[in-house]
Each structure stands twice: as structure tokens, then as C-alpha cells.
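Okay, thanks for having me, everyone. Could you bring the model up on the screen, please?

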Amino acid sequence: MSYAEITFSSVTRAMEGKRLLAREGITAALRRTPESLRQRGCGYSLRVAQGRVQMAKNLLQHHEIPYQRIFTEQDGGKWQEVIL
């Protein structure tokens, strides 16, 4: 299964996002953002199935939970930003 990483500036925001997505039936794993994706200092992300990332993004925006960026992992372990 392919996954996407939705990055947040703080663990608090990521936890809010995880709770929201869980209420809406979207499984998301809270984790430290991979170092290569961190913009500054600490970073946390939600790992979401790639097929659910559009719905997750829409829910976060609708409920005004700010996230930073969304990435998918490509072959060879390289990350690519997703523009939805």
C-alpha cells in the first residue's frame, strides 16, 4: 500500500488532525516527520493511505487545522510534494 505524509509544525496540531480523521473513518499514524522533510526544528506528520489523502486534506482545511505540506514516497525512498 502507498502512503502519504501530511506534515505539521507541532505535535499538538498533528494530534488534532489525527482525532478529526479518526472521527471521519480515516486511519492516520502519528509519527515524527522524516528528517529530510522537516522544515525547521521539530516536526510531526500523519501517515495516511494515499487513496485517502485528498479526503484528509479537505477535512483538515474545512476544520481549519493547519498542516504544512503533503508528500508521497517515490521509488528509491525519495519524497515528492503532492499538490492537490
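I'll go through a helix pair, then the core, then a couple of residues in one strand. Before that, a reminder: what you're looking at is a predicted model.

So, the helices. Helix 1 is residues 11–23, helix 2 is residues 53–62, and their axes come within 10 Å of each other, crossing at roughly 115°. The handedness of that crossing is right-handed. Who makes the contact? On the helix 1 side you have Gly17, Leu20 and Leu21, and on the helix 2 side Ala56, Leu59 and Leu60. Sort the residues in that contact by class and you get five nonpolar, one polar and no charged.

On to the core. Nonpolar side chains in soluble globular proteins tend to be buried together. Here, the largest nonpolar core has 17 residues. Ile6, Phe8, Leu21 and Val48 are the ones with the most contacts inside that core. And which elements feed it? Strand 1 (3–8), helix 1, strand 3 (44–49) and helix 2 each put in at least two residues, with helix 2 giving the most, namely four.

Let me stay on Phe8 for a second. If you skip neighbours within four places in sequence, phenylalanine 8 is in contact with a long-ish list, including Arg13 and Ala14, then Tyr44, Ser45 and Leu46, and further along Leu60, Ile65 and Pro66.

Two of those partners deserve a stop, and we'll take serine 45 to begin with. Serine 45 sits in strand 3. Is serine 45 buried or exposed? Buried, because its relative accessibility is 0%. Its side chain has a polar contact with the side chain of glutamate 5, at 2.4 Å. Beyond the four-place sequence window, serine 45 also touches Ile6, Thr7 and Phe8, and among its other partners are Ala29, Leu30, Arg31 and Arg32.

Next door is leucine 46, also in strand 3. Leucine 46 counts as buried too, since its relative accessibility is 0%. How many residues along the chain separate leucine 46 from lysine 18? The answer is 28, and yet their C-alpha atoms are separated by 7.1 Å. Outside the same four-place window, leucine 46 touches Ala14, Gly17, Lys18 and Leu21, as well as residues including Ala4, Ile6, Phe8 and Ala28. Gly17 and Leu21 should ring a bell: both are in the helix 1 side of that helix contact.

That's my tour, so over to you for questions.

Definitions and conventions:
Residues are numbered from 1 along each chain as its sequence is written. This is a predicted model: local features need pLDDT of at least 70, side-chain atom pairs count only at pLDDT 80 or more; totals for chains, interfaces and linings use all residues. Side-chain values use heavy atoms; hydrogens and water are left out. Axes are lines fitted to C-alpha atoms, for helices over the stretch in contact, and angles run from 0 to 180 degrees between N-to-C directions. A crossing is left-handed if the near helix is turned anticlockwise from the far one by less than a right angle, and right-handed if clockwise. Contact means heavy atoms within 4.5 Å. Ala, Val, Leu, Ile, Met, Phe, Trp, Tyr, Cys and Pro count as nonpolar, Asp, Glu, Lys and Arg as charged, and the others, Gly among them, as polar. A nonpolar core is a set of buried Ala, Val, Leu, Ile, Met, Phe, Trp, Tyr and Cys residues joined through side-chain atoms within 4.5 Å. Buried means under 20% relative accessible area, exposed over 50%, partly exposed in between (1.4 Å probe, protein chains only). A polar contact is a pair of N or O atoms within 3.5 Å; within protein, one must be able to donate a hydrogen and the other to accept it, and residues adjacent in sequence count only if both atoms are side-chain atoms.
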